Amino acid sequence: MIREEGQIPEVNKLVTLAKEAGFTYAAPLAMDALEFRSEVRDMCSADSCKSYGRSWSCPPAVGSIECAAERAGAYSSGIIVQTMGTLDGSFDMKGTAAIMQQHKKSFDTLVRQIRHFYPDCLPMGAGTCRLCRACTYPDRPCRHPDRMVSSMEAYGLLVSDVAIRSGLKYNYGENTMCFTSCILTD
Ligand code: SF4
């Protein structure tokens, strides 16, 4: 894709950029679907992902739901991206990890590209921040506060609802796994 230096792409061009980065699906983000829910934070505190209280990017360190809503409320557009893959049965942990790894790789690429146009964009990823081999939480400050990425769930977003209201699916059927992230641009 050829772009002039400094040219700001429309959201549909960002969707094309996302597909070039390797995502299976991408769409303009339905901004009215960004509802910041305390019950999603409650799910975080159940710690099923083993990240609660272990990273600066996750609750409780990431801040209150009100702060999350205020930060995201400064934006009026964005895109939502998904990596979907097939699994060899419902206990295919290796397959799940490979799809997650592909999602993170595509997301890192896309965020790097979008920051070229929107330096103040707000990425919301899937899962906890993995920029560092081991997070410094809670003993030392975050090593990369400008590049740290919190998950959509850490912002209190119900990912399935945001995906569906943005015109995508959340569940792509039996023996599939799908990871979802979004980037608020301006
Ligand atoms: S950038 Fe490093 S220190 Fe900061 S939240 Fe991510 S993993 Fe933790």
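**Exercise 1. Salt bridges**

State how many salt bridges the structure holds, and work out which residues are joined into one network.

*Solution.* Step 1: the structure holds six salt bridges, where a salt bridge is a side-chain nitrogen of Lys or Arg within 4 Å of a carboxyl oxygen of Asp or Glu. This is a predicted model, in which local features need pLDDT of at least 70 and side-chain atom pairs count only at pLDDT 80 or more, whereas totals for chains, interfaces and linings use all residues. Residues are numbered from 1 along each chain as its sequence is written, and side-chain values use heavy atoms, with hydrogens and water left out.

Step 2: one of the bridges links the side chains of Arg-37 and Glu-39, at 4.0 Å from N to O. Arg-37 counts as buried because its relative accessibility is 18%, whereas Glu-39, at 43%, counts as partly exposed; buried means under 20% relative accessible area, exposed over 50%, and partly exposed in between, with a 1.4 Å probe and protein chains only.

Step 3: another bridge joins the side chains of Asp-47 and Arg-54, at 2.8 Å from N to O. Asp-47 is buried at 15% relative accessibility, and Arg-54 is partly exposed at 43%.

Step 4: the side chains of Arg-165 and Asp-161 also form a salt bridge, at 3.0 Å from N to O. Both residues lie in helix α5, four residues apart, which is about one turn of the helix; helices (H or I, at least four residues) and strands (E, at least two) are DSSP runs, numbered from the N terminus. Through shared partners, salt bridges join Glu-35, Arg-37, Glu-39, Asp-161 and Arg-165 into one network.

**Exercise 2. The nonpolar cores**

Find which residues of the largest nonpolar core touch the most other members, and which elements give two or more residues to this core.

*Solution.* Step 1: a nonpolar core is a set of buried Ala, Val, Leu, Ile, Met, Phe, Trp, Tyr and Cys residues joined through side-chain atoms within 4.5 Å. The largest one has 20 residues, of which Ile-80, Met-124 and Leu-184 touch the most other members.

Step 2: the elements that give two or more residues to this core are α3 (65–72), β3 (122–125), α5 (159–165) and β5 (176–184). There is also a second, separate core of 18 residues, which includes Ala-26, Ile-114, Tyr-118 and Cys-121.

Step 3: leaving out residues up to four places away in sequence, the residues that Leu-184 touches include Leu-29, Met-31, Tyr-75 and Met-124, where contact means heavy atoms within 4.5 Å.

**Exercise 3. Ser-150**

Decide whether Ser-150 is buried or exposed, and describe what its side chain reaches.

*Solution.* Step 1: Ser-150 is found in strand β4, residues 150–151, and Ser-150 counts as buried because its relative accessibility is 4%.

Step 2: the side chain of Ser-150 reaches the backbone oxygen of Ser-57 at 2.7 Å. Apart from neighbours within four places in sequence, Ser-150 is in contact with residues including Ser-57, Val-62, Met-124 and Tyr-155.

**Exercise 4. Val-111**

Find how far apart Val-111 and Cys-182 are, in sequence and in space.

*Solution.* Step 1: Val-111 has its place in helix α4, residues 93–117, and counts as buried because its relative accessibility is 6%.

Step 2: Val-111 and Cys-182 are 71 residues apart in sequence, and in space 9.7 Å apart from C-alpha to C-alpha. Leaving aside neighbours within four places in sequence, Val-111 is in contact with Pro-123 and Ile-183.

Note on methods: A polar contact is a pair of N or O atoms within 3.5 Å; within protein, one must be able to donate a hydrogen and the other to accept it, and residues adjacent in sequence count only if both atoms are side-chain atoms.
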